[in-house]
Amino acid sequence: MPPSPALQAISESTVQRCSHEAHEKYGDAMNWDELEFGVIPTDYMYIMKCSNGDNFSQGHLAPYGKIELSPFSGILNYGQGVLEGLKAIRTKDGRVQLFRPEENALRMKMSAERLCMPSPSTHQFLDALKQTVLSNKRWVPPEGKGALYIRPLLIGSGPVLGLGPSPEYTFLIFATPVGNYHKRGSTMNLYIENEVRRATPGGTGGVKSITNYSPIFEVVTKARAKGFTDVLFLDAATGKNIEEVSTCNIFFVKDNVILTPRTTGTVLPGVTRKSIIEIARHLNYMVEERDVPLEDVLAADEVFCTGTAVEVTAVASITHQDKRIEYRTGEETVFHKLRVVLKEIQTGVVEDKMGWTMLID
């Protein structure tokens with residue numbers, strides 16, 4: 001349900017005041033040319049709560065800072081939490097927009113249902129995003145210098161001892177300005193992990209559960225220590241098919257046909273992944289969503305990854321056991337054509353005929 005007129009007026013007044021303050025201070029003490037992908041505290045965060053069995057109601061902005069949790073909270077004891085990630089981008093004319101935020105709202109709802117959690121409505125999610133971005137507007141980097149990374153987080157915040165859902169839930173949105181996830185102009189060098197699996201059939205690999213990530217920290221850390229960018233995981237059922245990278249989805253190109261693992265519960269349905277598939281089909285490329293065996297990896301002409309953090313990044317090589325396979329990169333690739341179209345839509349360089357962007361300011 002939309003907020004009442006009185007609450008809406010209070011919300012708009014708060015956003016206008018915070019946005020005005022943010023505009024006054026834009027760019028203070030920031031070297032945007034050296035922006036990295038890390039945590040820089042911003043001014044405000046958004047908070048909304050509800051009890052189990054109820055619906056979320058009106059939330060509010062608060063100064064960015066620490067939150068208080070019971071030691072018995074569901075998130076701390078049983079990992080009951082889901083997250084999202086998206087970016088606010090400044091366009092060439094200085095305005096700020098989001099890319100397909102309703103997809104993140106719908107995915108959070110799907111993830112929350114899997115973990116027995118209530119979730120904000122799409123209207124509430126989008127309104128909270130708008131308030132958070134406007135109140136932190138001064139932290140949106142100039143055009144071409146990066147983006148404001150936005151982290152919606154839904155957690156079981158109430159105390160619970162017996163195994164079961166939390167009695168209370170908290171929805172948070174906070175943000176930080178970021179540069180590229182990988183160094184500007186870089187490609188990825190991936191390592192195929194043979195022993196550890198990222199996801200299992202019937203598990204939570206297809207949703208954004210916070211419990212999906214820390215179990216793979218060890219193998220990713222070891223791979224990076226050997227000079228690899230990230231780890232590419234195989235399926236748990238057969239150990240013969242490619243699924244995804246720790247941070248993103250993956251695509252393979254062979255003879256201008258684009259392959260990507262299908263999303264059947266163990267592969268996350270990425271928003272950038274979905275967008276690249278739609279762009280590719282619009283440009284008359286054949287796209288196959290199916291099992292991708294190792295043989296297809298060895299035979300591919302190009303490989304690239306997609307995700308909110310990595311955006312669309314070319315893969316220069318994949319190493320399987322002791323065999324290193326190298327792939328085409330550069331401007332004469334399918335990857336580059338798709339990346340350019342996506343970036344032009346996200347940054348407002350071309351008209352958004354897909355209806356994907358949401359103008360914030």
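Is Met 188 buried or exposed, and what is its relative accessible area? Met 188 is buried, at a relative accessible area of 0%. Keep in mind that this is a predicted model.

**The chain as a whole**

Let's zoom out before coming back to that methionine. The chain carries 8 helices and 18 strands. Its radius of gyration is 21 Å, close to the 21 Å that the globule rule gives for 361 residues, so the chain is as compact as a globular protein of that length. If you want a box for it, the C-alpha atoms fill one of roughly 60 × 55 × 35 Å along the principal axes.

As for the inside, 51% of the 361 residues count as buried. Look at contacts with a separation of 6 or more, and 72% of them come from residues 24 or more positions apart. On the outside, the chain exposes about 16900 Å², with carbon and sulfur atoms supplying 51% of that area. Charges come as 39 positive and 43 negative side chains, and the centres of the two sets sit 1 Å apart.

**Met 188 and its surroundings**

Back to Met 188, which belongs to strand 8. Leaving aside residues up to four places away in sequence, Met 188 touches His 182, Thr 229, Asp 230, Cys 248 and Cys 305, plus the run Thr 313, Ala 314, Val 315, Ala 316 and Ser 317. Ser 317 is 129 residues from Met 188 along the chain, yet their C-alpha atoms are separated by 7.0 Å.

Gln 131 offers another such pairing. This residue is found in helix 4, which covers residues 122-135. The C-alpha atoms of Gln 131 and Leu 61 are separated by 7.5 Å, with their positions 70 residues apart along the chain. Gln 131 counts as buried because its relative accessible area is 4%, and the cut-off for buried is under 20%.

**The annotated lysine**

Which residue does UniProt list for "modified residue: N6-(pyridoxal phosphate)lysine"? The record, an unreviewed entry, gives Lys 208. You'll find Lys 208 in the loop between strand 8 (188-193) and helix 5 (217-225). Despite the loop setting, Lys 208 is buried, with a relative accessible area of 12%.

Its contacts, not counting residues up to four places away in sequence, include the stretch Gly 81, Val 82, Leu 83 and Glu 84. Lys 208 also touches Arg 107, Ser 111, Tyr 213 and Leu 268.

**Two positive phi angles**

Now for some backbone geometry. Most residues other than glycine have a negative phi. Arg 100 has a positive phi of about 50 degrees although it is not a glycine, and Gln 321 has a positive value near 55 degrees, again in a residue other than glycine.

Both sit in loops: Arg 100 between strand 5 (96-99) and helix 3 (101-114), and Gln 321 between strand 16 (311-320) and strand 17 (323-326). How do they fare for burial? Arg 100 counts as buried, whereas Gln 321 counts as exposed.

Here are the accessibility values for the residues discussed above.

| Residue | Relative accessible area | Class |
|---|---|---|
| Met 188 | 0% | buried |
| Gln 131 | 4% | buried |
| Arg 100 | 5% | buried |
| Lys 208 | 12% | buried |
| Gln 321 | 52% | exposed |

Terms used
Residues are numbered from 1 along each chain as its sequence is written. This is a predicted model: local features need pLDDT of at least 70, side-chain atom pairs count only at pLDDT 80 or more; totals for chains, interfaces and linings use all residues. Side-chain values use heavy atoms; hydrogens and water are left out. Helices (H or I, at least four residues) and strands (E, at least two) are DSSP runs, numbered from the N terminus. The radius of gyration is taken over C-alpha atoms; the globule rule is 2.2 Å times the number of residues to the power 0.38. Buried means under 20% relative accessible area, exposed over 50%, partly exposed in between (1.4 Å probe, protein chains only). Contact means heavy atoms within 4.5 Å. Accessible areas come from the Shrake-Rupley method with a 1.4 Å probe; for residues, only the protein chains shown count as cover. Lys and Arg count as positive and Asp and Glu as negative; His and the chain ends are not counted. The place of a charge is taken as NZ of Lys, CZ of Arg, CG of Asp or CD of Glu. UniProt positions are given in the numbering used here, feature names are shortened, and annotations may be inferred rather than shown by experiment.
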